[in-house]
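This report introduces the arrangement of strands and helices in one protein model. Please look over the sequence and the structure before reading on.

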Amino acid sequence: MQRIPEEKIDEIRSQVDIVDVVGNYVQLKKQGRNYTGLCPFHGEKTPSFSVSPEKQIFHCFGCGKGGNVFSFLMQIDGLSFVESVKKVADLAHIPLDVAISQGDSSPGNKPDSQESKMIEIHQLASKLYHYLLMETEEGQDALQYLLDRGMSEQELDHFEIGFAPAHASTVTTFLKKREVDLALAVESGLLTERDDGEIVDRFRNRIMFPIKNDRGQLVGFSGRLFNQEDGPKYLNSPETPIFNKRNILYHFSDARQEIRKKEEILLLEGYMDVISSVSATFSNGVASMGTSLTEEHVQMIRRVTNRAIICYDGDRAGIEASFKAGTMLAEQHRLEVFVLQLPNGKDPDDFIRSEGAEKFAEIYTHQRLTWTAFKLQFFKRNRNLQNETDKIAYLGEALAEIGKLDQAVERELYLKQLGSEFDLSMEALKQQLQQTVVVKPKPHDYGGPPPESYGEYPSYEGDGGPVYEQFSFAQPSSVPSAGLTSEKRLLKYMLEDRDAFIQIRNLLEEHQTDFYHDNYKALYTHLIGFYASGNDANPLALMDQLKDDMARNLVSELEMMTVNTDVSIEEYQDYVQSLTKSSIERDIKEKEQALLTATQQGDIPAALELARTITTMRATMKNTPN
């Protein structure tokens, strides 16, 4: 196994800002000295994920995960340590001529694994398809079709669009000459096996769109018919170990930076829509490849932005798909949602090609509908507003939606629009709004009725006497014991200063005490070995050597702590004495429990002995300095 020298790892780590790397996966916002965002490792609505540019670490105070830039990539992308180092080296443009051996990689993500070979097969096929489109007579009809649709050769090159000939074995023969495992190519979805056992091309006589996952790896294709032959308009790769439409948004890996820059994502329906939007300088566009938006898609989106612009086709199906996607994003996941409705029911590709990029930019910037405004329009569909029954039904739906709004100004705005549209007074609309909206009690965090001990809190409304509202109070967070606080602070100082480590270790041995909690004790053991190897204090380097995620998470947690840097040996002494006192307290509780058991069993001699021991221990603890 080829190892990367420690000094090279330090160089690579120092040349990349962890904020830039994490920012490719998480929408980060500056908050004080650190950056915060929604944790990519567990679902949450309130940001608890923090990145420190000063310390070059990340830590989630919700799920506890933490580490440096290498461990972040290992966890988010499933990489081995060496793979993560190579990826960071590439980002920093640092040459790293290291071959990754099988032993370097984590299970399921080995460079020579079946999945990696499938990706390599797709990359080979993509180059062939693109060559056939751009350079051969056989691809001329497909090329002319794309040019006639307004696509440029630059766009075709940028998106690596290709052509699959009508022959049954173009790709099969190509791969066979390169000694590719055809059975693996079948498993990857690129080839297919007939009933008689013959292996042939899956895609034939189609324009080919390569599809990448969120890591930028080519994992599948979508083939589009461009003539009048029978068959589905689009044929996607089947579900394989590397391709699942639920987990993939077309163009997401390439759009990620622009999404972060614009702080919003443009959701489109098709490949051509994405390509046209990029040509119109809206490179934040992605498409869900003909499938409905999934929970997996939403989680990908939430990692980089909390605002989505939906611009689906303007036909009936597109409008209904917009409503479904918006409901998932806005109401289930609390994203800010806007909807673009293009004139005459056109899809984005047709509109941009015919009306131009400037017109699309005008609608994108100035004519986007808020989610509430879109829903009010959506509810008018299939209703005859000249009919009183339909009109009343629509007003009921509209008022129910307006009642969901948190801001009084927003409610007032939409009520005025309804009043103007239907010639109704604001007084009548507000009265109806009060009757329509049912105020529901807020659910308690634990999902059940409030404990009796919580009681009720009286509030007063008008002359009707007290109206009792149920209040649920969050359970108080457990306050760390003095011993736990001392353990954290001692380890924090030992992590960041080799001299402090030596002084504290001597004090621990002098007082014959140790860390109590298993994970703290384990980290202390790691520190002993780390410094014994001649290392200076370097929490980032220590993280690279830790194989245990729990230990790595603890280092990141301690590094996020703020402590007094001007510390004396007397303060270390106080913390060590606190550990000693906590240890005695735990022993006393154990003896007290044993005393209770002995008393209940009538074992008087044992009870007397335990009582004397407890008295002695209490005296010892009393004499232990605070």
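How many bridges join strand 14 to strand 15? Strand 14 and strand 15 (residues 336–339) run parallel, and four bridges join them. The model described here is predicted.

## The mixed sheet

Strand 14 and strand 15 belong to an open sheet of five strands, ordered 13-12-14-15-16, in which the pairing is mixed. The edges of this sheet are strand 13 (285–287) and strand 16 (369–370), each of which pairs on one side only. Strand 12 (residues 265–268) is joined to strand 13 by three bridges, and the two run parallel. Within that pair, Leu268 has Ala287 of strand 13 as its bridge partner.

Strand 12 also pairs with strand 14 (residues 307–310), in the parallel sense and over three bridges. Here Leu267 is placed opposite Ile310 of strand 14. From strand 14 the sheet continues to strand 15, where Glu336 is the bridge partner of Arg307. A helix connects with this part of the sheet as well: strand 14, helix 13 (residues 316–332) and strand 15 together make a β-α-β unit, which is right-handed.

## The antiparallel sheet

A further open sheet consists of four strands in the order 6-9-10-11, and its pairing is antiparallel. Strand 6 (162–164) and strand 11 (234–236) are the edge strands, each pairing on one side only. From one strand to the next, the twist averages 35°.

Strand 6 and strand 9 (residues 206–212) run antiparallel and are joined by three bridges. In this pair, Ala164 stands opposite Arg206 of strand 9. The sheet also meets a helix: helix 5 (residues 114–135) lies across strand 6, strand 9 and strand 10 (218–224). The direction of helix 5 is at about 35° to that of strand 10.

## Helix 3 and helix 4

Helix 3 (residues 69–77) packs with helix 4 (residues 81–91) at an angle of about 110°, and their axes are 9 Å apart. Helix 3 and helix 4 are therefore roughly perpendicular to each other. Their crossing is right-handed.

On the side of helix 3, the residues that meet helix 4 are Val69, Phe70, Leu73, Met74 and Asp77. Helix 4 contributes Phe81, Ser84, Val85, Lys87 and Val88. By class, the residues of this contact comprise seven nonpolar, one polar and two charged.

## Helix 14 and helix 15

The axes of helix 14 (residues 348–355) and helix 15 (residues 357–366) are 6 Å apart, and the two helices pack at an angle of about 125°. Helix 14 and helix 15 are therefore oblique to each other.

In this contact, Phe351, Ile352 and Glu355 of helix 14 meet Ala357, Lys359, Phe360 and Ile363 of helix 15. The contact of helix 14 with helix 15 has five nonpolar residues, no polar residues and two charged residues.

## Helix 17 and helix 18

How are helix 17 and helix 18 oriented to each other, roughly parallel or roughly antiparallel? Helix 17 (residues 388–402) and helix 18 (residues 408–422) pack at an angle of about 165°, with 10 Å between their axes. Angles over 145 degrees count as roughly antiparallel, and helix 17 and helix 18 are therefore roughly antiparallel to each other. The crossing in which helix 17 passes helix 18 is right-handed.

Helix 17 makes the contact through Lys391, Tyr394, Leu395, Ala398, Leu399 and Ile402. The residues on helix 18 are Arg411, Tyr414, Leu415, Leu418 and Phe422. Across both helices, the contact residues divide into nine nonpolar, no polar and two charged.

Technical notes: Residues are numbered from 1 along each chain as its sequence is written. This is a predicted model: local features need pLDDT of at least 70, side-chain atom pairs count only at pLDDT 80 or more; totals for chains, interfaces and linings use all residues. Side-chain values use heavy atoms; hydrogens and water are left out. Axes are lines fitted to C-alpha atoms, for helices over the stretch in contact, and angles run from 0 to 180 degrees between N-to-C directions. Angles under 35 degrees count as roughly parallel, over 145 as roughly antiparallel, 65 to 115 as roughly perpendicular and the rest as oblique. A crossing is left-handed if the near helix is turned anticlockwise from the far one by less than a right angle, and right-handed if clockwise. Contact means heavy atoms within 4.5 Å. Ala, Val, Leu, Ile, Met, Phe, Trp, Tyr, Cys and Pro count as nonpolar, Asp, Glu, Lys and Arg as charged, and the others, Gly among them, as polar. Two strands pair if DSSP finds at least two bridges between them. A crossover is right-handed if, with the strands pointing away from the viewer, the path from the first strand over the helix to the second runs clockwise.
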